[in-house]
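Here is a short tour of one protein model, written for someone who likes to keep the 3D view open while reading. Please load the structure and follow along.

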Amino acid sequence: MIMYMYKIKSEINTANPLYSSVIAVTNRHLCSRPFMEQIDRVCSLHPKAVILREKDLSEQEYLILAENVLEICKQYQVPCILHSFVEVARALKCSAIHLPLPLLHKYEGELKDFSTVGTSVHSVEDALEAEELGASYLTAGHIYATDCKKGVPPRGTVFLKEVCQSVSLPVYAIGGIQPDQAQFQEIMDCGAKGGCIMSGMMTL
């Protein structure tokens, strides 16, 4: 493990201060190396958090994967936010969960054992609704053009600013985000606390 960590640090820039404002969103299908190795590389950058998304897995498959990812995140002291599977999070004693807005509705009033509850929003109305439902942070997008939403026009920074101004919650931009100083300055000027990165974190 020590030799492997040295290899990682020599290959990628762990000193970029922007990573402390990045939430890494996983997608194992984008990785060119074993997924756990990629998670190790991501955590070596000490991002704000890792959201284990992996929406195509069954609950049992997700539990097995999450157990391993949580262990790596713990080693690096990087918060890990599980996605959608509330009972898996409870079974693994993970107090952070990210839920699509319909699931946030479904679990309304039943998430008091979670210290962190995030959700994704695509309008100011969504943002206000999520705040009312007890979300503790929001991801808002997509802000820039991205291959994940090919052919779908981005909502842009005006939308991001409107969302940030409409709620008192931390908002993270998502969609076409890169660890780029100029871009991060732009989203933070809109009131965002940082950005969510999938492709850039799964392929570094």
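Let us start at arginine 53, which touches Val25, Thr26, Tyr62, His83 and Met198, not counting residues up to four places away in sequence. Keep in mind throughout that this is a predicted model. Arginine 53 sits in the loop between S2 and H3. With 30% relative accessibility, arginine 53 counts as partly exposed, because partly exposed covers the range between under 20% (buried) and over 50% (exposed). Arginine 28 is 25 residues away along the chain, and its C-alpha atom is separated from that of arginine 53 by 9.1 Å.

**Backbone oddities**

Most residues other than glycine have a negative phi, and most peptide bonds are trans. Which way does phi point at glutamate 54? Phi is positive there, at about 35°, although the residue is not a glycine. Glutamate 54 lies in the loop between S2 and helix H3 (59-76), and its relative accessibility of 3% makes it buried.

Histidine 46 is another non-glycine residue with a positive phi, in this case about 55°. Its home is the loop between helix H2 (35-44) and strand S2 (49-52), and histidine 46 is partly exposed, with a relative accessible area of 43%.

Where does the peptide bond come in? The bond from glycine 141 to histidine 142 is cis, with omega near 0°. Histidine 142 belongs to the loop between strand S6 (137-141) and helix H7 (156-166).

Here are the relative accessibilities of four loop residues:

| Residue | Relative accessibility | Class |
|---|---|---|
| Histidine 46 | 43% | partly exposed |
| Arginine 53 | 30% | partly exposed |
| Glutamate 54 | 3% | buried |
| Histidine 122 | 39% | partly exposed |

**Histidine 122 and its surroundings**

Histidine 122 is in the loop between strand S5 (116-121) and H6. Leaving aside its neighbours within four places in sequence, histidine 122 is in contact with Gly141, Arg155 and Phe159. Gly141 also begins the cis peptide bond to histidine 142. The C-alpha atoms of histidine 122 and alanine 140 are separated by 5.9 Å, with their positions 18 residues apart along the chain.

**Two helices side by side**

Two packed helices are described by the angle between their axes and the distance between the axes. How do H6 and H7 lie relative to one another, parallel or perpendicular? The axes of H6 (residues 124-132) and H7 come within 9 Å and cross at roughly 25°. Angles under 35 degrees count as roughly parallel, and H6 and H7 are therefore roughly parallel to each other. Their crossing is right-handed. From H6, Val124, Ala127, Leu128 and Glu131 meet Phe159, Glu162, Val163 and Ser166 of H7. The residues of this contact divide into five nonpolar, one polar and two charged.

**Inside the fold**

H2 is largely enclosed by the rest of the structure, because eight of its ten residues are buried. Among them are Phe35, Ile39, Val42 and Cys43, and also Asp40 and Arg41. Just after H2 comes histidine 46, with its positive phi near 55°.

In soluble globular proteins, nonpolar side chains tend to be buried together. The largest nonpolar core here has 73 residues, and those with the most contacts inside it are Leu82, Leu104, Leu138, Leu160 and Met201. H3 gives the most to this core, with eight residues. Take leucine 104 as one of these: apart from residues up to four places away in sequence, leucine 104 touches Leu99, Leu111, Val117, Thr119, Ala130, Leu133 and Ala135.

Technical notes:
Residues are numbered from 1 along each chain as its sequence is written. This is a predicted model: local features need pLDDT of at least 70, side-chain atom pairs count only at pLDDT 80 or more; totals for chains, interfaces and linings use all residues. Side-chain values use heavy atoms; hydrogens and water are left out. Helices (H or I, at least four residues) and strands (E, at least two) are DSSP runs, numbered from the N terminus. Buried means under 20% relative accessible area, exposed over 50%, partly exposed in between (1.4 Å probe, protein chains only). Axes are lines fitted to C-alpha atoms, for helices over the stretch in contact, and angles run from 0 to 180 degrees between N-to-C directions. Angles under 35 degrees count as roughly parallel, over 145 as roughly antiparallel, 65 to 115 as roughly perpendicular and the rest as oblique. A crossing is left-handed if the near helix is turned anticlockwise from the far one by less than a right angle, and right-handed if clockwise. Contact means heavy atoms within 4.5 Å. Ala, Val, Leu, Ile, Met, Phe, Trp, Tyr, Cys and Pro count as nonpolar, Asp, Glu, Lys and Arg as charged, and the others, Gly among them, as polar. A nonpolar core is a set of buried Ala, Val, Leu, Ile, Met, Phe, Trp, Tyr and Cys residues joined through side-chain atoms within 4.5 Å.
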